[in-house]
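Please open the model in a viewer and keep the sequence panel in sight. The tour below proceeds by selections, with a short account of what each one shows.

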Amino acid sequence: IQRGGISYTVETLRDYARRFPQAALFYLIGADNVEKLPLWREATELARLAKFVVVPRPGDVDVPFPEPFRGVRLAGFPLGVASS
């Protein structure tokens, strides 16, 4: 909001990395987004900045993280909501 205009995840993570240099950054995503990660803006930088935490979706399959992304999958009940 403070930057104005379109906000990309990589820009937000860069800002947090700058503001909190000692913090380990985690980014929560739905399982349906795992295979799309290489298509995100500046994907390699994004993968360097954060570890991804995957929330299962109803009916999803366990898709491995594409290189160079890394992360963990949450166990539990699939969540049928999205940010949109």
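Begin with the surface of the whole chain: about 6100 Å² is exposed, and carbon and sulfur atoms supply 57% of this area. The model is a predicted one. Of the 84 residues in the chain, 26% are buried. Among contacts with a separation of 6 or more, 48% are between residues 24 or more positions apart.

Next, switch to a cartoon view. The chain contains 2 helices and 3 strands, and its elements follow the order α-β-α-β-β from the N terminus.

**The sheet**

Select the strands together. They form an open sheet of 3 strands in the order β1-β2-β3, paired in parallel. Which strands stand at the edges? These are β1 (26-30) and β3 (71-73); each has a single partner strand, so one side of each lacks a neighbour in the sheet. From one strand to the next, the twist averages 25°.

Now examine the two pairings in turn. β1 and β2 are joined in the parallel sense over 5 bridges. Strand β2 (residues 51-55) is also joined to β3 by 3 bridges, again with the strands running parallel. On that side, select valine 53, whose bridge partner in β3 is valine 72. Then colour β2 by accessibility: the strand is mostly covered, with 4 of its 5 residues buried.

**Phenylalanine 26**

Select phenylalanine 26, which lies in strand β1. Opposite this residue, in β2, stands lysine 51. Leaving aside residues up to four places away in sequence, phenylalanine 26 touches Lys51 and Val53. How far apart are the C-alpha atoms of phenylalanine 26 and valine 53? The separation is 6.6 Å, although the two residues are 27 residues apart along the chain.

**The nonpolar core**

In general, nonpolar side chains of soluble globular proteins tend to be buried together. In this model, the largest nonpolar core has 16 residues, and Phe52, Phe65 and Phe69 have the most contacts inside it. At least two residues of this core come from each of α1 (9-19), α2 (43-49) and β2. Show the side chains of α2 in particular, since this helix gives the most to the core, with 4 residues.

Proceed to phenylalanine 69. Not counting residues up to four places away in sequence, phenylalanine 69 touches Leu37, Pro38, Ala43, Leu46, Ala47 and Phe52.

**The aromatic rings**

Finally, display the aromatic side chains, among which the structure holds 5 aromatic pairs. Select tryptophan 40 and phenylalanine 52: the ring centres are 6.4 Å apart and the planes lie at 80°, so this pair is edge-to-face. The pair links distant parts of the chain, with tryptophan 40 in the loop between β1 and α2 and phenylalanine 52 in strand β2, 12 residues apart.

Is each of these two residues buried or partly exposed? Tryptophan 40 has 23% relative accessibility and therefore counts as partly exposed. Phenylalanine 52, at 0% relative accessibility, counts as buried.

To close the tour, add Tyr27 and Phe69 to the selection: with Trp40 and Phe52 they form one aromatic cluster. Within this group, Phe52 and Phe69 were already met among the residues with the most contacts inside the largest nonpolar core.

Technical notes:
Residues numbered from 1 in each chain as written. Predicted model: local features only at pLDDT ≥ 70, side-chain atom pairs only at ≥ 80, totals over all residues. Heavy atoms only, no water. Pairing = 2+ DSSP bridges. Axes fitted to C-alpha atoms, helices over the stretch in contact; angles between N-to-C directions. Buried < 20%, exposed > 50% of the residue type's maximum accessible area, 1.4 Å probe, protein only. Contact = heavy atoms within 4.5 Å. Areas by Shrake-Rupley, 256 points an atom, 1.4 Å probe, with all protein chains shown as cover. Core = buried A, V, L, I, M, F, W, Y, C linked by side-chain atoms within 4.5 Å. Phe/Tyr/Trp six-rings, centres within 6.5 Å; stacked < 30°, edge-to-face > 60°.
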